[in-house]
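This report concerns a single protein chain, presented for inspection. Please consult the sequence and coordinates alongside the text.

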Amino acid sequence: FGTKLQNYKEVTPLDGYKSVVSDQNKGNSALYKYNINIVPTSYETSTGSIKKTNQYSVTQDVLFMDGGDFQEVPGVFFEYDISPIRVHITENSRSLVTFLTNLAAILGGIFTIFGIIDSFIFFLFY
């Protein structure tokens with residue numbers, strides 16, 4: 001469904017999927033219906049290049065049939081629903097100043113929590 005993205009984890013729900021109708025099921029034939037929702041996606045890397053691809057999700061309905069007259073025709077059917085809205089993903093990195101500010105905030109929070117615990121213990125025992 002489009003260009004593969006290198007730095008983005010894609011979920012492909014139909015990769016390696018297989019289904020077999022056997023006598024163990026409720027019949028010897030079946031109707032498989034796949035509803036595939038496709039969302040157009042553009043991915044902008046930190047260098048500014050834009051790659052266009054698609055994300056998709058799948059739901060499956062299965063109707064097992066035993067012999068006799070069928071209300072439905074056995075087979076495999078695919079229904080596609082293409083979203084009119086595009087998802088735009090932008091890759092960006094944080095600066096060193098932002099990283100150091102976040103690190104200082106975390107260390108300050110740890111110091112504050114230990115100070116509260118220390119004063120609570122001091123209050124209980126003295």
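The sections below treat the overall architecture, the nonpolar core, the salt bridge and several individual residues.

## Overall architecture

The structure is a predicted model. The protein contains 1 helix and 4 strands, and from the N terminus these elements follow the order β-β-β-β-α. Of its 126 residues, 15% count as buried.

The accessible surface amounts to about 10,200 Å², and carbon and sulfur atoms account for 59% of that area. Contacts between residues at least 6 apart in sequence are also informative: 71% of them join residues at least 24 apart.

## The nonpolar core

Which residues make up the largest nonpolar core? The set has 6 members, namely Ala 30, Tyr 32, Tyr 34, Ile 36, Ile 38 and Tyr 56. Strand β1 supplies the largest share of this core, with 5 residues. In soluble globular proteins, nonpolar side chains tend to be buried together.

Ala 30 can be followed further through its contacts. With neighbours within four places in sequence set aside, Ala 30 is in contact with Val 21, with Val 62, Leu 63, Phe 64 and Met 65, and with Pro 74 and Gly 75.

## The salt bridge

A search of the whole structure returns 1 salt bridge. The partners are Glu 79 and Lys 33, whose closest N and O atoms are 3.5 Å apart. This pair links distant parts of the chain, since Glu 79 belongs to strand β3 (residues 75-82) and Lys 33 to strand β1, with their positions 46 residues apart in sequence. Side chains of opposite charge can pair when their charged atoms come close.

Are the two partners buried or exposed? Glu 79 has a relative accessible area of 41% and is therefore partly exposed, because that value falls between the limits of 20% and 50%. Lys 33 is likewise partly exposed, at 28% relative accessibility.

## Thr 41 in strand β1

Thr 41 is located in strand β1, which spans residues 29-44. Its relative accessible area is 1%, so Thr 41 counts as buried, the cut-off being under 20%. The side chain of Thr 41 makes a polar contact of 3.1 Å with the side chain of Gln 55.

Gln 55 also appears among the residues that Thr 41 touches when those up to four places away in sequence are not counted. The others in that list are Lys 51, Lys 52, Thr 53, Asn 54, Arg 86, Val 87 and Ile 89.

## Two loop residues

Thr 45 sits in the loop between β1 and β2, the latter covering residues 50-65. Although placed in a loop, Thr 45 is buried, with a relative accessible area of 16%. With which side chains does the side chain of Thr 45 make polar contacts? One partner is the side chain of Thr 47, at 2.9 Å, and another is the side chain of Ser 49, at 2.9 Å.

Pro 84 is found in the loop between β3 and β4, where β4 covers residues 87-90. At 82% relative accessibility, Pro 84 is exposed, because the value is over 50%. The C-alpha atoms of Pro 84 and Pro 40 are 8.1 Å apart in space, while the two residues are 44 residues apart in sequence.

Conventions: Residues numbered from 1 in each chain as written. Predicted model: local features only at pLDDT ≥ 70, side-chain atom pairs only at ≥ 80, totals over all residues. Heavy atoms only, no water. Buried < 20%, exposed > 50% of the residue type's maximum accessible area, 1.4 Å probe, protein only. Polar contact = N/O pair within 3.5 Å; in protein donor to acceptor, adjacent residues only side chain to side chain. Contact = heavy atoms within 4.5 Å. Salt bridge = Lys/Arg side-chain N within 4 Å of Asp/Glu carboxyl O. Core = buried A, V, L, I, M, F, W, Y, C linked by side-chain atoms within 4.5 Å. Areas by Shrake-Rupley, 256 points an atom, 1.4 Å probe, with all protein chains shown as cover.
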